[in-house]
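This report walks through one protein model, from its overall outline to the packing around a single helix. Please keep the sequence and the structure in view while reading.

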Amino acid sequence: MNERNERIHGVACTFRKVSDVFHAAEKVRDAGWKNWDVHTPFPIHGMDQAMGLPRSPVPRLTLLGGVTGFITGCLLTWYMNSYDYPLIVGGKPYWSVIFPFPVLYECTILFAAFGTFFGQFIFNRLPRHNHPLFDLPNFARVSDDTFMIVLEARDPRFHLDESRNFLQSLGGQEITVIRD
Amino acid sequence: MSTSSPHALTAHWKKFLAVGVVALAVVWWFAFAGVQHHDNRQALSVLVGALFWAAVLIGMLMLTMITRVFDAGWAPLIRRNWELLIAGLPVVILVGIVPLAFLPDFRHAVWYWTDPAHILPGGHEVGHDPILVAKSWFLNEKFFLVRIALYVGVFGLLAALLRRWSFAQDTDRTAGHTHRLHAVSAVGIPLGAVTLTMLAFDCLMALSYHWFSTMYGVWFFALSIRLALAVTVILTYKLSHGGWLDGLLNQAHRHVLGCLMLAFTVFWAYISFSQYFLIYTANIPEETFWYNIREFDAATGLKNEWWGVSMYLIFGFFLLPFLSLLFYRTKIVAGRLLAVAWVILVGGIVDLWFNAIPRQVYDKSAPEGFVVTPFLTSSLFLDLLAIVGFGGVVFALFLRGASRQETIPVHDPRILESINYHE
C-alpha cells in the first residue's frame with residue numbers, strides 16, 4: 001500500500017476564472033507539454049487551440065469503417081445472390097452495383113457508425129473504472145465552479161518541484177500532488 | 001487588401017447589366033430564329049439559363065427562410081448577400097420562363113404537350129393522346145399559364161417580404177423585425193416548397209409529359225440548395241478579397257458552408273438515385289423510357305452520348321465533391337472549398353442538361369420511329385451564354401442593391417454572434 005502511494009500521477013492546481021485557466025493553458029502549451037489536461041465544468045470555446053490539441057483521430061476510423069462496410073455489403077450481396085444461390089429477381093442481373101445499392105450504403109453507414117462509436121472508446125481509453133484524479137478531495141468542484149490544470153508525471157518535462165513552481169507561476173491555487 | 005472601398009464593386013452594376021442584356025438579346029434572337037425553323041433547341045437554351053439561376057435563387061430563398069426559422073447564429077453575415085440576390089428571382093422567371101410560356105410559338109416548341117398538332121413517336125398527334133387527355137385537368141394551357149404567373153407572384157412576394165423587413169431593421173433597429181421574419185419564414189417554407197415543386201413539374205418534368213416522378217420536386221430542391229451554396233461559397237470568397245466581407249469571413253463560416261455542401265451533395269445523390277432505383281425496380285415502360293433514352297440507342301442498344309453525361313453526374317457531380325468534402329481541411333481551406341464549389345456549379349449545369357434536353361423526336365425513317373436529341377451540339381455554347389446573360393442581370397441587381405442597402409445587417413440581433421462565429 002505504501003509503495004503504491006510512492007508513484008506520482010501528476011500535479012494539479014485550480015483556477016477560479018475562465019480567462020485565467022485559458023491563458024495558463026496557453027502557457028503550458030507553449031512550454032511544450034504533451035501529457036497534461038484541463039478540467040472545466042463547461043466547454044470553453046477555443047480551449048482546443050489554447051491547449052494545442054490536434055483534431056480527433058476518430059474520423060479516420062469512421063472512414064475505415066465506411067469503406068469496410070461498403071466492401072462487406074458488396075461481398076454479402078454477391079455471395080448470396082450470385083455465388084451461393086444464384087437467383088434472378090425481377091429480371092435483374094445476379095449481381096450489379098444497382099439493385100443492392102440500398103444494402104451497400106446501409107452497410108456503409110452502419111460500419112461507419114461502428115467505427116465512430118468504438119473508435120471513440122479506443123481513443124478515449126474507455127471503459128476505465130477509476131482514475132487517480134477521483135481521489136482528489138476538491139476534484140468534484142471542477143463540475144461546479146472551479147477549473148483545473150493537471151500536469152502528468154509521464155510527460156518527459158515532469159519534475160515534481162519544477163512543475164509545482166511552474167503551476168504557481170501560472171497563478172494556480174491549491175497545488176496538489178496526485179498519487180496513483 | 002485593396003486600397004479602394006469595399007463597396008467599389010457596386011459601381012460595376014451597369015457593366016453586369018450591359019453584359020446580361022447583350023447576352024440575353026443574342027440568346028433570344030437565336031431562340032426566335034430556331035423556333036421559326038421548327039428547331040426548339042435554342043429555346044431550350046433560354047429555359048436552361050433561366051432555370052439555372054432560378055435554382056440558385058430558389059435555393060438562396062429557402063436558405064434565407066430556413067436560417068431565419070432556426071435562428072442560425074452563423075447566418076446573418078452571409079444571409080444579407082442572399083437577401084440582396086433574391087431580388088433577381090422573380091426577374092429571372094419573368095424574363096426567361098414567362099415569355100417562353102406566354103408566346104405560343106415558344107410554348108409549342110418547349111412544351112410540346114401544348115401543341116395539339118405535334119407528332120409523337122409512333123406518328124400520333126398530341127391532341128389525340130389519351131394520356132394527355134387524362135392529365136388535361138392539370139396540363140391545360142390556361143391552368144399552366146396561371147401557374148407560371150403564380151411562380152412569379154409567390155417567389156416575388158416571399159423575396160420582397162424577406163428583403164423589406166430585413167432592410168428596415170438596418171435603419172429602425174427594431175428587434176420585432178426578426179420575429180416578423182421568423183413568422184414569414186415559417187409560412188414561407190412550406191409555400192416555397194410547394195411552389196418550387198410545381199415549378200419543377202411544369203418547367204422540367206412536363207417537357208416529357210408521359211413521364212412522371214413524385215420525387216422530382218425534392219430533386220429540384222436538392223439541386224437548388226447545392227447550386228445556391230456553391231454560388232455562396234464563390235461569392236463570399238470574392239467578397240472577402242476586397243469586398244465587404246474582407247476581414248469578416250472566417251474559417252468557421254467556410255466550415256459551416258462546407259458541411260451544408262456535403263450534406264446536400266449526399267441528399268442530392270440519395271434523391272437522384274432513389275428516383276432511378278424505383279423506376280429500375282418497377283420496370284414499367286411509361287417510366288423507364290425516360291432513363292432509356294438517356295442511356296442507349298433504342299435500335300442498336302449501343303450507349304449514346306447521354307450515357308456519358310449520366311456517368312459524369314455520378315462521378316463528377318456526386319463522388320468527387322462527396323469524397324473531397326469528407327475531409328475537414330477541404331471545408332476550411334478557402335482555395336479547396338472554392339474548387340469544390342466550382343465542381344458543383346459545373347455539375348449543376350450538366351444535371352440541368354440531363355433533365356431538360358433529351359427527348360424523343362418523331363422520325364419516320366428511324367428504326368424505332370424516333371431519334372433522341374443529341375448532347376454534343378453547338379447549342380451548348382448558347383446554353384452557357386444564356387447562363388451568363390441571366391447571371392449578368394442577377395448580379396447587376398445584386399450590386400445595385402448592395403449600393404443602396406447595408407451590406408452587413410448591422411442591427412440584426414445576432415450579427416455579433418455571426419461575425420464571431422467559431423466551430
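## Terms and overall outline

A residue is called buried here if 20 or more other C-beta atoms lie within 10 Å of its own, and exposed if 12 or fewer do. The model is predicted, and every statement below should be read with that in mind.

Chain A has six helices and four strands, which from the N terminus on follow the order α-β-α-β-α-α-α-β-α-β. The C-alpha atoms of chain A fill a box of roughly 75 × 40 × 30 Å along the principal axes, and the radius of gyration of chain A is 25 Å, whereas a compact globule of 180 residues would have one near 16 Å. Buried residues make up 22% of the 180 residues in chain A. Among the contacts in chain A with a separation of 6 or more, 79% are between residues 24 or more positions apart.

## Two domains

Chain A is divided into domain 1, which comprises residues 2-55 + 132-179, and domain 2, which comprises residues 58-123. The C-alpha centres of domain 1 and domain 2 of chain A lie 44 Å apart.

## The strands of chain A

Strand E3 of chain A (147-152) pairs with two other strands. Six bridges join E1(A) to E3(A), and these two run antiparallel; four bridges join E2(A) to E3(A), again in an antiparallel arrangement. Individual positions help to locate the pairing: A:Gly10 stands opposite A:Glu152 in E3(A), while A:Met148 in E3(A) has A:Thr14 opposite it and is also the residue opposite A:His39. E1(A) is further joined by five bridges to strand E4 (residues 173-179) of chain A, which runs antiparallel to it, and there A:Ala12 stands opposite A:Thr176.

How are the faces of E3(A) covered? In a regular strand the side chains alternate between the two faces of the sheet. On one side of E3(A) are A:Phe147, A:Ile149 and A:Leu151, on the other are A:Met148, A:Val150 and A:Glu152, and all of these are buried, so that six of the six residues of E3(A) are buried. Six of the eight residues of E1(A) are buried, and E1(A) is therefore largely enclosed by the rest of the structure.

## Helix H2 and its surroundings

Helix H2 of chain A covers residues 18-30; at 1.5 Å a residue, its 13 residues should span 18 Å, and its end C-alpha atoms are indeed 18 Å apart, so expectation and model agree. The buried residues of H2(A) are A:Val21, A:Ala24, A:Ala25 and A:Val28. Because these residues cover an arc of only 105° around the axis, they lie on the same side of H2(A).

What do the buried residues of H2(A) pack against? Their partners are strand E1 (8-15), strand E2 (36-39), helix H3 (47-51) and strand E3 (147-152) of chain A. The face of H2(A) turned away from the buried side carries the exposed residues A:Ser19 and A:Asp30. After H2(A) comes A:Gly32, whose phi is positive, near 90°.

Terms used: Residues numbered from 1 in each chain as written. Chains lettered and ligands numbered in written order. Predicted model: local features only at pLDDT ≥ 70, side-chain atom pairs only at ≥ 80, totals over all residues. Expected span 1.5 Å × (residues − 1). Arc of directions from axis to C-beta. Contact = placed C-beta atoms within 7 Å. Domains from an automatic or database assignment. Pairing = 2+ DSSP bridges. Rg over C-alpha atoms; globule rule 2.2 N^0.38 Å.
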